[in-house]
Each structure stands twice: as C-alpha cells, then as structure tokens.
Amino acid sequence: MKEQEDGFVSADKHGEDKVEQLVQIKTLFFARARDLTGTNDVLLEIPLGSTTKDCLDKIIGKFPRLEEILGCVVLALNEDYTTDSTIVKDGDELAIIPPISGG
Amino acid sequence: MASTTDESSRILHEIETLKSAKFDLERRISALESQLHNLNQPHNNGVSNASSTSPSTFPHALSPDMIYRYSRHLLLPSFGVQGQLRLSKSSILVVGAGGLGSPALLYLAASGVGRLGIVDHDVVELNNMHRQIIHTEAYIGQSKVESAAATCRSINSTVQIVEHKEALRTSNALEIFSKYDIIVDATDNAPSRYMISDCCVVMGKPLVSGAALGLEGQLTVYNYNGGPCYRCLFPTPPPTTACQRCADSGVLGVVPGIIGCLQALEAIKIASAVGDPLSGRMLLFDALAARIRIVKIRGRSVQCEVCGENSEFKAAQFQEFDYEKFTQTPLSTSPLKLKLLEPNSRISAKEYRDRLRSGEPHVLVDVRPEHHFKIVSLPNSLNVPLASLEGRVEEVVWALKEKEENKQNDDVKVYVVCRRGNDSQRAVKYLQEKGYPSAKDIIGGLEGWAQEVDPTFPSY
Ligand SMILES: [Zn+2]
C-alpha cells in the first residue's frame, strides 16, 4: 500500500497490508464538517495507542478549517459516546458531528 | 339473471354504505350536541375537551367517536386504549410552523393529542411551499400559525389548537411553555435552540429537538428522565460562520419532512408513555446515502451551566439571558446586513443601472457560488465566487485589460454584486487591498436590483 507522507491513505485501499505499529481509523464527517473538508470520510493511520484527541489533531493538520468548529461538535467512536482520552483501535470509526440549526 | 343479481347486490351494498354513513353522521351530531352543551355550561373555559363527550358506557373515557377515529391506534397491543387516553390528555407545543413543524403538527393533530400549541411569528411565502406542507397557496402572505391551525382543525376538529402568533422570546417563553407537557423544537436558528433547551430545563419539560439542512437531518430528545440537555452537548455555541440557514444553504423539502415526522413520533411516544424515547442518543439522517445512524451521546453533564449540579440557572436567569449575544446570531430571520465599506465604495442598484445605461466601461463581478449564478444572473457579469476570489483574481484582471483595450480607455471600473450585498463588500475589500481602490459593490445585491430596478428579476 502506498502511504502518503502525512499518514493519510485513500479510502479504497483500506484493509491491505497494514503497517506495523499503526492503526487505521476511519473518520466520518457530518453537516458543516463535510462542507469544510469537502468529503464524507477520510482514512488515517496513527500510531498504536493513540487517543481520539490525537486523531483530531491529525485531522486538523490535514483540514485546518475544521478547527473553528471543533469546539461545538458531538464525537462518536463506533457510534458510541467517546472522550478525548479514549484509546482508538484499528478499524474504529470516529464521527465528527456538528449541530445543524436549520429547519 | 346474472346482471339482476349484480344489480341487487350493488343496491344492497349502497344501502349498507349509506346506512353506515348515516350512523356516523348521527354519532357526530350527538357528539357535537354534547360538545355544545358543555360549552354552554357555566365554569367551562370554552375548551372542548375531546374526552368530555363520552357517554359512560365504557370502562374508559374514549367516546364512540374517538374509538372509531383512533381504531388503528387502539388495535395496536403496545399502544391501545391506554396509549390513546394518555395522548388525548397530553399537551404538546410545537415551536416553528416551518419545514419541521409542518409534518410534526399534521401528525400530532391527526393522532389525537389533547391540546396542540403552535408558535411562529412568520408569514407563509411562496418559497416555503416546497417543504412547509401544512400551508396551502391560499395562505401565502398570511400568518403561518393561522394557516397551520386551520389545517390541523380540518384534520381533527376534536383537538384543541392554540395559536401563539408571536416570536418566542425570553419574555414570553416561560408563560407559553407552562401550558404544555412536551416541547417540540422545530425552529431554524441557533439562539432559539439554546433558548428553548434552557427554558425546558428551567421548567422541567422534555424537549424533542429536530434539525435539517441541505440533505441531512438530526434528531434528539433532551432533558428527558435525567438525560442531557442541549447545553450538555454543546456548551459553547458554534462559530457564526458555521450557522447556516435553509435560506442560505438550501434544503431538499422532504428532508425536514422526515425529521418532522420523527419528532411527532418521539413526542407521541413520550406523551403516551410507550417505547424508548431517543434520549442520550442522536439520530443522523443522510438523505444522499440513504442512511440513518444512531449514535450514543454523553449523559447529563455535572458541570452543565444550566442543568448541572451546581447550576444557578433558574427562571430569573433565563429571562435575563441574551441568546443573540451568546450565539452572535439574531433570533429573527432577517438576514445579516454588513457594513464593511465606506459609502463612497458602494453604489445603489439604481446608480448601477444609470451607469449601465450611460455605457460606462466596467466589469461586473458576481461573487456568488457557481450554483447560485446558474439560477439567475445579470447580463455580462463575470462569476468569480468569493471563496475562490483569491486564486482567481487574475480573471478579473484579464477582464479589465480586455475592456481597456476594446474601449481605448484605461479607467474601466469594477463593480461587485452578490445575492444580498454582504459577500460583495468582502470581495471589494479584498480587491481594494489588491490594488483596485476604485472597486465598488452594489448595495443590496441582486435582491436590491429586483426591488429597485427590475421587479421581474427572479428572487430566490
Ligand atoms: Zn445540560
């Protein structure tokens, strides 16, 4: 698998020959996070033992505009409540859910 | 022979149908008579309580009319007479009679809620009709509350419909909410969402909160049975740039429709004490992917400023709280009017028309997004969306050079237009910084053009 320098891999290459000591996390974007990143999801590789906070830092590195909304989002790890310090596992799905106000 | 048999069975069938209709009518008349009788009783506040028409021949308070009307509810073992009775004694307030409120109100009225309140201060507009399905064309220009109430009454005359034709404010929210058991948030802006949630905490009411924008929807039940409130999840309001409204970003009509139906469902579940309300969970609807996800969310926050353990947030604090300041967003739907530029950097739509007529050499830059430009645009305008202006400023430069060469004139002006005259100011500011000090924006944008110059110019 051809890994990009920033540790992001394209989603279609998911699941093949994993790099040792790295875990793959699929990040899902909703609402405003979709607008700001221009995508619905992104796959990132992060060292074993990283937390959701580490994932977020890495995602902001790739999509700096996300930073402005991260103070007001719901985070879900595998559709379950999560905190900054939760350790992520290989194959986890991290959802970034900003509130929608419209009606 | 066969045809005679057919004929007589057709007649017999019609007699049966008519008899049944007659029976229904008689039952309806007697129900109305008894309703009228109740209205004329002293000490009656004029409320026609659906259960007051019941003769006492049943072990419960459902009238024959109600039994027939709600028979499909009663036939549900998990809902049944008890569910319907609880529903008929409940009161639900829907804040907002728009894209979410329309289907929510339709289903709540149809399902037989005892009292149904509607809050809204807006009037029905043509560009509401694609999603606000409770309103009909005949009500365009009239109050949304009146329109919604009329539709609800025409669906179910036994429900007491209460009209609150006013904007919800900290000054009236406590009093309005106090008359209802359950609150449904069907509004379209951030300050209202915080205000409604806080008021529900102060008054101890469950809140069914829905939202929709573009092709996505969200649904949660807040402040229910020790569950979290809106502020537990979002203690800090979103940045103003993140607050989008349907008027700016668009919404596929059926998306709020689906969320509004789910709001009615959750409100009915809470009112009838049936099932597990969507508390501590959030439903995410993705229309394009045809996908619904339900994620678990945090529980009540001990530190929550409003519902937390040490919270001092009571009715008095609620009434003092400035939700517009807190969210940096106006409660009213009137769009933002920026004033970034000096008056001499701006021209009115009429002035622009005069310059156009006089043949003044100029370039008109339209900085709206491309999909807006495709809806409608002024002739000979150059579309360079604000978001990409920085990288595409060369296109403006080329257009200027081309005009200058054609007209043998090195004083070609730059005018900038957008939808309402906000982004055009941002763009002019940028162009002035980039060495085009004479760039000007058209005040009020294309809406201004339609109002002042060309009433046939389409607005959206
Ligand atoms: Zn709270």
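Here is a short walk through chain B and the cores it takes part in. This is a predicted model, in which local features need pLDDT of at least 70, side-chain atom pairs count only at pLDDT 80 or more, and totals for chains, interfaces and linings use all residues. Residues are numbered from 1 along each chain as its sequence is written, chains are lettered from A and ligands numbered from 1 in the order written, and side-chain values use heavy atoms, leaving out hydrogens and water.

Let us start with the overall build. Chain B holds 18 helices and 13 strands (DSSP runs, H or I of at least four residues for helices and E of at least two for strands, numbered from the N terminus). Its radius of gyration, taken over C-alpha atoms, is 28 Å, well over the 23 Å that the globule rule (2.2 Å times the number of residues to the power 0.38) gives for 460 residues, so chain B is more spread out than a compact globule. Its C-alpha atoms fill a box of roughly 95 × 80 × 45 Å along the principal axes.

Now step inside. Of the 460 residues in chain B, 49% are buried, meaning under 20% relative accessible area with a 1.4 Å probe, protein chains only. The largest nonpolar core (buried Ala, Val, Leu, Ile, Met, Phe, Trp, Tyr and Cys residues joined through side-chain atoms within 4.5 Å) has 42 residues, and A:I97, B:L168, B:F177, B:I183, B:F234 and B:M282 touch the most other members. Among the elements giving two or more residues to this core are β6 (93–97) of chain A and α7 (170–177) of chain B. Its largest share, six residues, comes from α8(B). Apart from this core lies another, of 38 residues, including B:A104 and B:I270.

Methods: Buried means under 20% relative accessible area, exposed over 50%, partly exposed in between (1.4 Å probe, protein chains only).
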